Amino acid sequence: MQVYLDNNATTMCDPQVVEVMQPYFSEQYGNPNSLHKFGSSIHPALMNAINQTYTALNAADADDIVFTSGATESNNWVLQSVWIDHILNGDKNHIVTTEVEHPAILATCKFLEDQGVKVTYLPVNHEGVVEVHTVKSFITEKTALVSVMWASNETGMINPIKEIGEICKEKGVLFHTDGVQAIGKIPVDLQDVHVDFLSFSAHKFHGPKGIGGLYIKDSQALSPLLHGGSQMGGRRSGTLNVPYIIGMGKAIELATQNIQSTMASIRAKRDRLEDALLELSDTFVVGDRNNRTPNTILISIKGVEGEGMLWDLNNGQIGASTGSACASEDLEANTVMLAIGADNELAHTGIRLSLSRFTTDAEVDYVISHFKGAVARLRNISSSFAKQGPSKGGEVQECELHHH
Ligand code: C6P
């Protein structure tokens, strides 16, 4: 059996999504901006995908949803354009975000700091959640934007987006949320929360990679990041990625239409897995499961390095991660675990397991049994090393076992 438990990194494209995309590669390949029938014949399917996206997010007609290459682009767009519109060409100089955002936010903020923008990185509590009063206390009259992720890719913890939105509205500050890990996992209702901008990527909800979007409340002004042929009303130039937009429409519809029952089913499997793994000694899971996306577990196993676990799980045909996929090659400590107060040693022990609506009970059973075996094997290696001691060539082994 092989089991994929890294659905926060990316998901399988749903076969139903692949099917609706298929005709738009070699049969209906026209450019929707062309005036001939090859172009115009695409319009109904494109309109359908747009409607599916508006419905899934409960966006209002007055709002705009602009298709992008994904959340990295959407996040860059919001931050860089708020800088241009409100800092370079306005009287603000400050952006508020959190310590635990995805690199698509953090690296863009670093870039903006180099340009002279003041950025506040808010701390999170021991559960990995940013507290409302913390956000409130750092907003000044110079703040142009607050950017807080809806749910964490690493821990699954859900931030109080509704309350933060209210504060931003009250203070007249723009509010952006990275909604990548929320859509398809928890209800996202854009008429229930005050959010100016929301970023998303289709491949996190069983759509194709390289397509996503930016929701813009009330179609408010935001300088384009990509200039060119004025597609999407001039907001985002570049020929529309027709098959992927159509695929994303189907994917977001499938991911959100039965959200309550999907959540309940994933949650039941996740909780069963989590309960079983917590039977192991010296383990803990980050964050209250009731305030977490129902598919995610970030578990720490004392004395067992994350990379060692991944290697053993991989040998057992199980795909998991130590955290964000884009940071998994650097072997650094998990930055989110450091942010919640873990020491360096503990922050090297995190394993992220993320399920999907395709995860089965048989897969969960298999993972429970393999995981427990892996912990026993790795703890055995550590304890025999400890008994053996450094006098028997241990220093070399230590190097191999603890490569940090
Ligand atoms: N997180 C993870 O393993 P792109 O790559 O542009 O589709 O999405 C980037 C992105 C932005 N925000 C959040 C919260 C994300 O989780 C991601 C992607 C993956 O956690 C890959 S690094």
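These are my notes on the cores and the ligand site of a predicted model.

Ground rules first. I number residues from 1 along each chain as its sequence is written. Local features need pLDDT of at least 70, side-chain atom pairs count only at pLDDT 80 or more, totals for chains, interfaces and linings use all residues, and side-chain values use heavy atoms, with hydrogens and water left out.

**Cores.** I looked up the largest nonpolar core (buried Ala, Val, Leu, Ile, Met, Phe, Trp, Tyr and Cys joined through side-chain atoms within 4.5 Å; buried is under 20% relative accessible area, 1.4 Å probe, protein chains only). I found 65 residues in it, and L57, V146, W150, L190, L198 and F205 have the most contacts inside. Elements giving two or more residues include α4 (43-57), β7 (197-201) and α10 (259-277); helices are DSSP H or I runs of at least four residues, strands E runs of at least two, numbered from the N terminus. I see α9 giving the most, eight residues. Domain 1 (15-256) and domain 2 (259-385) each supply at least three; those bounds come from an automatic or database domain assignment. Another core, of 27 residues, lies apart and has L277 and L355 among its members.

**Ligand.** I checked which residues come nearest: T72, D178, S201, A325 and C326, out of 17 around the ligand (a heavy atom within 4 Å). For polar contacts (N or O pairs within 3.5 Å), I noted K204, with a polar side-chain atom 2.9 Å from a ligand nitrogen. R352 puts a polar side-chain atom 2.9 Å from a ligand oxygen. The protein buries 89% of the 520 Å² that the ligand exposes when taken alone (Shrake-Rupley, 1.4 Å probe).

Notes: Buried means under 20% relative accessible area, exposed over 50%, partly exposed in between (1.4 Å probe, protein chains only). A polar contact is a pair of N or O atoms within 3.5 Å; within protein, one must be able to donate a hydrogen and the other to accept it, and residues adjacent in sequence count only if both atoms are side-chain atoms.
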